[in-house]
Structures are given as structure tokens and as C-alpha cells.
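I sat down today to look up a few side-chain contacts. Here are my notes, in the order I took them.

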Amino acid sequence: MQSKGKKTGQFLKKNLWLMFLLATGALVLCIHIYIALFIPPSKERIWKEIAINEGMSFKAIAGVLEKEGVIRYRSHFEIMGRIAGITRKIRMGYYGLNTNMSMWEVLDVLRNGKIIEYQVVVPEGYNMYQIGWTLSNTPLISNPNDFINLVKKKEYVHSLGIQADTLEGYLFPDTYYLPKGIKLEDIPKRMVQRYKAVFVDSYRSRAKELGFSEHQIVTLASIIEKEAKVPSERKLIAAVYLNRLKKGMKLQADPTAVYGTKAWVTNVTKEDLKRRSPYNTYLRKGLPPGPIANPSSGSILAALYPENVDYLFFVAQGDGSHYFSTEFKEHEKAIGRYKKNRKAKKNLAVKAGE
């Protein structure tokens, strides 16, 4: 036993330097891996926008990140990417990174596809002109006409499966998160895809029951959207217009008189009502040739399932709501009350200003 212990001691003495080197190497390796994974390449926070394009290899991505100073070691990054299983799952787009992020944080951003996106809110009832101007207030497009001209191109419209002259009515109102660098053609495409997810086959069947095409329902829904300030009145307004259509009466919808001439309308004038336009329902019977705005699902449903009432007229009451009536005489009285109340409010405002 003593001989065995003596031999072990001699072995340790002879190999002590080797064991020290191995231990030191292991420690250095651990420190190196720790620095590579968790210590940022720079203390200074420098913002970097890294573009990852379609078909870009993970090796190429690592090279760009190293060149931009976002990571220290490309080889380490490639190895960790393989271990994390993200080498073929990286979402294309622009990534916002900085030089004081650790390699682990950079990998996490890429793994979760956290690309630079812009929030674009398309309110219910916006027309394509308003959407174009909204987009031009973001870095996505600089000229609203680029968007407007695109959605007016019949070839492009038909390529998205919409049988109409423009995409008006099919740019569904919603909140969109659009990535930096998105192609112009892909912006309306996303809005149309959202529309298609809403206008399902059962809606088409219902439109057919009513004797309308999908395009006609969307057109009617767009007018309802522009007229209804109170959501609960949508079905009543739909009933009024459908009743007027059945009787061969003109719709006489104010918003149709200004479509295509004013992007933002605060007041429709008497001159507007006389303007010659294929959309002006004060001069032409029936529905306009197409939508005048992009309706919400609520207005589409109102067009498909109107209230069962005999109303033929409605007039604003000054608070966003409307007064509905069946007879023209009753409607005239309602108009008189509205004018009287508006005049009284104006007089009060003048007195308050004095």
C-alpha cells in the first residue's frame, strides 16, 4: 500500500506542471467563453441597423455583425447559432442592434425576429388618399402618391384577387406593423389579406341572398361607415339606403358628393352636392361605381344584416346621432329642428366669445 501511495505521489510531482497547464487552459477557456457570450464588444452604445436579406447565410450574417462591431468573434457566434438552432430560422428585415449588447442578447434578438417595424393605424372609414398620407408620415414611403397610384392600377388590383378598378374598400382598417424596407407593393397586399380574412364565404352567400355582389356590399358598407358616427346606428342607416334602393330613390348620401375631390372632409357644401361625379348619389340613382372609403367589419355586417324598419330618411341631430323617419314631412320637421338647434348653439358661442 505504501509502495502504491509512493508511486501516486511521484506521478503527481512529475505531472504537476502538466495539470497546472490543463487547469489554467480550462480556466482561460471558460473566461473566454464567458466574455464571448456575456461581455459586450464595447462599453459605448453605438446603434447599428443590420439588414438581413432573403437567402443570406448565417455565416454571412455573422460576418456582417463582426464587421459592424456588434459581436467579437464570428466563429463563436456561428457555433452558438447552431447550438441554439437558429441558423436557418432568421427572419429577414432590419434589426436594431448596438455595440454594448452581449452575444447572447444579439442571438436572442435574431431568434425572436425582432426586426424594426413601424406601427401604422388605418382608422375605420379612411379612404385610399388618407391612407397614402398616413403612410407618408412614416419612414416607409416619402410620397403619398406612390401608394395612391399603386392602388389605382387595375393590373395590380386584379393580381391581388380583387375584381374592381381600384383597391378602395378593400384596404381593411386595422393596426399594422410594417417592417422597415418593406416593398411598396406589399403594403396594400397586407391590407387586402386582412380584408379577405374578414369577408368570408358566408358573407358572399348572404350578399347573394340580398341580390348584391360582394363589390356592391362593400360599396354600401363604405357609405354606411362614413355616415354612421354612432356604431349602434349602422344597421338603421343600412336599412334606409336599402329601402331607398328598393323604391328607386336616390341615396343622397353626402359623403359620395365629395369622394375623390377632398381627402379630409369636415363639411359638405351645397356646391359639393351639385358636383358632377359618377359617385355623387345626389345626381345619380343607385349605388356609386365603387366604395368611397374602407369600411369596418361592423359596417359590412350592417349592409348584410340591416335593421327591419321602413325608414327612408335620417338627419343629424348635432351630437353624432341621427333622427330617422319614414315620411318626408316628418323628415323636414327634423331638419328644421336641427337647423334651429345649430343656430342656437352658434348664438351661444358668439355670446360666450363676447
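My entries below cover one buried residue, some aromatic pairs and two charges over rings.

**Ground rules.** I am working with a predicted model, where local features need pLDDT of at least 70, side-chain atom pairs count only at pLDDT 80 or more, and totals for chains, interfaces and linings use all residues. Residues are numbered from 1 along each chain as its sequence is written, and side-chain values use heavy atoms, with hydrogens and water left out.

**Entry 1: V192.** I found V192 in helix 8 (residues 186-198); helices here are DSSP runs of H or I with at least four residues, strands are E runs with at least two, and both are numbered from the N terminus. V192 has a relative accessible area of 2%, so it is buried (under 20%; exposed is over 50%, partly exposed in between, with a 1.4 Å probe and protein chains only). Leaving out residues up to four places away in sequence, V192 touches L160, I162, L167, Y170 and L171 (heavy atoms within 4.5 Å).

**Entry 2: aromatic pairs.** How many aromatic pairs does a search of the whole structure find? I get ten, counting Phe, Tyr and Trp rings (six-membered ring for Trp) with centres within 6.5 Å; planes under 30 degrees apart are stacked, over 60 edge-to-face, the rest tilted. Y170 and Y195 pair edge-to-face, at 5.0 Å centre to centre and 85° between the planes. Both tyrosines, Y170 and Y195, are buried.

**Entry 3: charges over rings.** I noted the charged end of R111 over the ring of W104, 5.8 Å from its centre, and that of K180 over the ring of Y94, at 5.2 Å (NZ of Lys or CZ of Arg within 6 Å of the ring centre and within 35 degrees of the ring normal).
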